[in-house]
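Please examine the structure shown here and consider how its side chains are arranged.

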Amino acid sequence: MHLYFAKPGSGKFCEREIKELYKRAFPREERAPFWILKHWAKKKRADFYAVYEQDQFVGMVHILRDAHVAYVFYLAICEHMRGTGCGSAILRFVKQKYRLQKIVLAIEPVDAPCDNHKERVRRKAFYRKNGFKEMNFRASEFGFVYEMLAYCANGEKLCEREFEQFGRNVMGRLLFAIMYRVHEI
């Protein structure tokens with residue numbers, strides 16, 4: 001599988017396809033306004049990619065970053081491409097590109113009562129299969145609690161304090177304070 005990663009402004013980056021997938025893949029209450037994803041990329045606080053296999057759009061990934069942490073803010077694969085290895089290939093790209101940073105992502109907790117428990121368990125297993133490990137803290141985004149997973153090439157862990165500092169660096173103190181609450185498990 002050979003994937004192509006297109007950034008905004010490149011000829012391949014198709015905003016319409018990305019927006020449609022973004023709306024299908026994430027519940028409304030879990031979506032940041034699309035304009036802010038583009039704004040962070042424009043301000044060099046994030047990398048935003050449309051992902052293609054040859055000429056076929058297969059997914060998108062949005063990564064907030066600073067010098068120490070890369071936060072996979074959104075990763076989505078088109079429905080017809082799930083289970084084909086695209087997600088793992090995208091994570092290999094992320095792990096290579098951000099190999100000097102601690103890579104973190106948030107998932108819905110598997111221990112909370114919910115209607116999509118099997119989906120949550122599969123998602124966590126997918127990330128664990130790709131080398132991500134549980135952290136000793138959770139984060140609340142606008143009141144929704146997420147389990148934090150991280151991949152660190154050197155085996156280190158990402159601590160709560162590092163994630164908070166990252167958030168303040170990338171989002172700014174005020175926005176991070178409004179959006180997030182970080183707490184130990």
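The questions below concern a predicted model and address its aromatic pairs, charged side chains and buried positions.

Q: How many aromatic pairs are there, and what is the angle between the planes of Phe5 and Phe93?
A: The count comes to 22 aromatic pairs. One of them joins Phe5 and Phe93, whose rings are 3.7 Å apart centre to centre. Planes under 30 degrees apart count as stacked, and this pair is stacked, with an angle of 10°.

Q: Which elements of the chain does the pair of Phe5 and Phe93 link?
A: The pair connects distant parts of the chain, its two residues being 88 residues apart. Phe5 belongs to strand β1 (residues 3-6), and Phe93 belongs to helix α3. The elements linked are therefore strand β1 and helix α3.

Q: Is Phe93 buried or partly exposed?
A: Buried means under 20% relative accessible area. Phe5 meets that limit at 17% and is buried. Phe93 has a relative accessibility of 23%, so this residue counts as partly exposed.

Q: Which geometry does the pair of Tyr71 and Phe163 have?
A: The ring centres of Tyr71 and Phe163 are 5.5 Å apart. Planes over 60 degrees apart count as edge-to-face. The planes of these two rings stand at 85°, so the geometry is edge-to-face.

Q: How many residues apart are Tyr71 and Phe163, and where do they lie?
A: Both residues are buried. Tyr71 is in strand β4 (residues 69-77) and Phe163 is in helix α5 (residues 160-171). The pair links distant parts of the chain, with a separation of 92 residues.

Q: What is the span of helix α3 from its first C-alpha to its last?
A: Helix α3 covers residues 86-97 and has twelve residues. At 1.5 Å a residue, a span of 16 Å is expected. The model is close to that value, with a span of 16 Å.

Q: The charged end of Lys95 sits over the ring of which residue?
A: Lys95 is among the buried residues of α3, which also include Cys86, Ile90 and Val94. A charge sits over a ring only if it is within 6 Å of the ring centre, among other conditions. The charged end of Lys95 is 4.7 Å from the centre of the ring beneath it, which belongs to Tyr151.

Q: What is the distance between the C-alpha atoms of Val61 and Tyr49?
A: Val61 is placed in strand β3 (residues 56-65) and is buried, with a relative accessible area of 0%. Its contacts beyond four places in sequence include Tyr49, Val72, Ile90 and Val94. Val61 and Tyr49 are twelve residues apart along the chain, yet their C-alpha atoms are separated by 5.4 Å.

Q: How many salt bridges are there, and what is the N to O distance in the one between Glu20 and Arg16?
A: The count comes to 15 salt bridges. Glu20 and Arg16 both lie in helix α1, four residues apart, which is about one turn of the helix. Their side chains meet in a salt bridge with an N to O distance of 3.4 Å.

Q: Which residue meets Asp47 in a salt bridge?
A: Asp47 lies in strand β2 (residues 46-53), and its partner is 18 residues apart from it in strand β3. Asp47 counts as buried at 4% relative accessibility, whereas the partner counts as partly exposed at 22%. The two side chains meet at 2.8 Å, N to O, and the partner is Arg65.

Q: Is Lys102 buried or partly exposed?
A: The side chains of Lys102 and Glu162 meet in a salt bridge of 2.8 Å, N to O. This pair links strand β5 (residues 102-107), which holds Lys102, to helix α5, which holds Glu162, across 60 residues. Glu162 is partly exposed, with a relative accessible area of 22%. Lys102 has a relative accessibility of 11% and so counts as buried.

Q: Why does Glu30 have no salt bridge, and what is the distance to the nearest side chain of opposite charge?
A: Glu30 lies in the loop between α1 (15-25) and α2 (34-42) and is buried. Apart from neighbours within four places in sequence, its contacts are Tyr74, Glu108 and Tyr146. A salt bridge needs a nitrogen within 4 Å of a carboxyl oxygen. The nearest side chain of opposite charge is Arg120, so no salt bridge is counted at its distance of 5.9 Å.

Conventions. Residues are numbered from 1 along each chain as its sequence is written. This is a predicted model: local features need pLDDT of at least 70, side-chain atom pairs count only at pLDDT 80 or more; totals for chains, interfaces and linings use all residues. Side-chain values use heavy atoms; hydrogens and water are left out. Buried means under 20% relative accessible area, exposed over 50%, partly exposed in between (1.4 Å probe, protein chains only). Lys and Arg count as positive and Asp and Glu as negative; His and the chain ends are not counted. Contact means heavy atoms within 4.5 Å. The expected span of a helix is 1.5 Å times one less than its number of residues. Rings of Phe, Tyr and Trp (its six-membered ring) pair if their centres lie within 6.5 Å; planes under 30 degrees apart count as stacked, over 60 as edge-to-face and the rest as tilted. A charge sits over a ring if NZ of Lys or CZ of Arg is within 6 Å of the ring centre and within 35 degrees of the ring normal.
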